[in-house]
Amino acid sequence: MSSPRRAALLLLATSFVFGFASQSASQTGPEAAPTKEQLARDNNLFISLAKKVLKWEEPADPVHIVGPIYFVGTKGLGAFLFTTSEGHVLMNTGMPSSGPMIVDSIRKLGFKPEDIKLMINGHAHIDHAGAFAFFKQKFGAQLAVMKDDVAAMESGDLGDFKYADDFVYPAVKVDRILRDGDQIRMGDVLLSAYHTPGHTRGATTWVANIVADGTAYVVAFPDGAGFNPGYRLARDPSYPGIENDYRNTHHFLEMLKPDIWLAQHNEYYGLERKQQRAKTEGVKAWIDPEGYRRFIAEKKRDFEDQVDEELGVPKAPPK
């Protein structure tokens with residue numbers, strides 16, 4: 001991000017930083033960024049800025065990550081293809097408009113979208129689940145979803161606890177209902193699904209165990225730890241039990257020790273930076289256990305700060 005305004009919108013829209021409200025409020029004129037409160041009140045403002053600033057609907061070139069794992073998403077959103085001798089697995093689909101872009105990326109890699117046998121997701125919001133119906137209708141792929149997000153997926157996310165009916169997408173039938181710890185094995189790929197609620201009730205962290213060039217890797221796709229403007233965590237909670245859900249999710253994610261981590265938003269794990277490094281470093285560029293640790297710590301800190309704010313806990317003076 002080259003300008004302060006774009007940087008501010010990036011941070012707000014991805015929920016990395018919620019302390020920016022005071023900074024944005026101090027800006028004047030037509031370039032002033034919206035405050036956290038404005039984004040919390042106006043769902044359409046939030047998603048329109050996120051789509052534009054974070055390039056959710058802009059096509060991107062596919063990227064080989066490691067072994068059977070490929071990035072096939074958009075410039076802003078992470079969608080991933082797991083290729084196996086028994087068929088392929090697609091994780092996430094981005095916005096409803098993303099279907100044809102993902103198809104193009106898969107074909108550019110030399111694979112056939114017709115060979116996708118199973119689809120899985122991180123959570124049931126429009127920016128990750130919007131095109132599942134497209135793939136099911138076009139290619140007949142099955143869909144496996146954590147039990148607590150099934151209703152959202154099959155309704156197109158009607159009645160979301162924060163967004164109500166503002167971010168609906170084409171509904172899609174779920175073929176396999178997952179529970180915490182369920183595993184999917186296809187070819188040489190083993191995928192484990194862990195229920196990590198908070199961001200949605202059925203948010204799912206996936207862990208892939210793969211072997212590439214004789215080396216074993218644990219690849220994590222953390223989900224559920226972030227919250228958006230307007231989420232209520234402690235006082236008048238957005239849904240009953242949301243605070244405990246987040247605390248349990250943070251604890252679980254802290255316990256994971258992946259070699260490589262990827263995510264539903266590309267800026268989380270630094271896709272562009274690692275992609276450039278991989279041109280000379282290969283798989284080594286993607287190995288980032290320390291980056292994962294920092295990411296989870298930041299999510300946990302943001303959560304605790306928001307809880308303190310809701311409960312009126314005075315902020316400690318800066319050191």
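**View 1. Helices H5 and H7 are oblique to each other.** The reason lies in their angle: because values from 35 up to 65 degrees fall outside the parallel and perpendicular classes, an angle of about 60 degrees between H5 and H7 counts as oblique. Everything in these views comes from a predicted model. Helix H5 covers residues 99–108 and helix H7 covers residues 132–139, and their axes lie 9 Å apart. Look for the residues that make the contact: H5 brings Gly-99, Pro-100, Ile-102, Val-103 and Arg-107, while H7 brings Phe-134, Phe-135 and Phe-139. Sorted by class, this contact has 6 nonpolar, 1 polar and 1 charged residues.

**View 2. Seven strands form an open sheet with mixed pairing.** Follow the strands across the sheet in the order S1-S2-S3-S4-S5-S6-S7. At the edges you will find S1 (63–66) and S7 (176–178), each of which pairs on one side only. From one strand to the next, the twist averages 25 degrees.

**View 3. Strands S3 and S4 run antiparallel.** Here we zoom in on two members of that sheet. Residues 80–82 make up S3, residues 88–91 make up S4, and 3 bridges join them. To find your bearings, start at Phe-82, which stands opposite Val-89 in S4. A handy thing to keep in mind when looking at strands is that, in a regular one, side chains alternate between the two faces of the sheet.

**View 4. Strand S11 pairs with both S10 and S12.** Strand S10 (residues 204–212) and strand S11 (residues 215–221) are antiparallel partners over 7 bridges. Ala-212 has Thr-215 of S11 as its bridge partner. The hairpin of S10 and S11 has 2 residues between the strands, and Asp-213 takes a positive phi near 55 degrees there. With S12 (residues 260–261), S11 pairs in the parallel sense over 2 bridges. In that pairing, Val-219 has Ile-260 of S12 as its bridge partner.

**View 5. The second largest cavity holds about 50 Å³ of space.** Rolling a probe the size of a water molecule over the atoms reveals where empty space is left. In this model, the count comes to 2 cavities of 30 Å³ or more. Which residues line the second largest cavity? They are Phe-80, Met-91, Asn-92, Gly-122, Thr-204, Trp-206, Phe-221, Pro-222, Asp-223, Ala-263 and Gln-264. By class, this lining divides into 6 nonpolar, 4 polar and 1 charged residues.

Methods: Residues numbered from 1 in each chain as written. Predicted model: local features only at pLDDT ≥ 70, side-chain atom pairs only at ≥ 80, totals over all residues. Heavy atoms only, no water. 1 Å grid on protein atoms, 1.4 Å probe; cavity = no way out; pocket = protein on both sides within 12 Å on 5 of 7 lines; lining within 4 Å. Points joined across faces, edges and corners; volume = space filled by probe spheres on them. Nonpolar A, V, L, I, M, F, W, Y, C, P; charged D, E, K, R; others polar. Axes fitted to C-alpha atoms, helices over the stretch in contact; angles between N-to-C directions. Helix = DSSP H or I, 4+ residues; strand = E, 2+ residues; numbered from the N terminus. Parallel < 35°, antiparallel > 145°, perpendicular 65-115°, else oblique. Contact = heavy atoms within 4.5 Å. Pairing = 2+ DSSP bridges.
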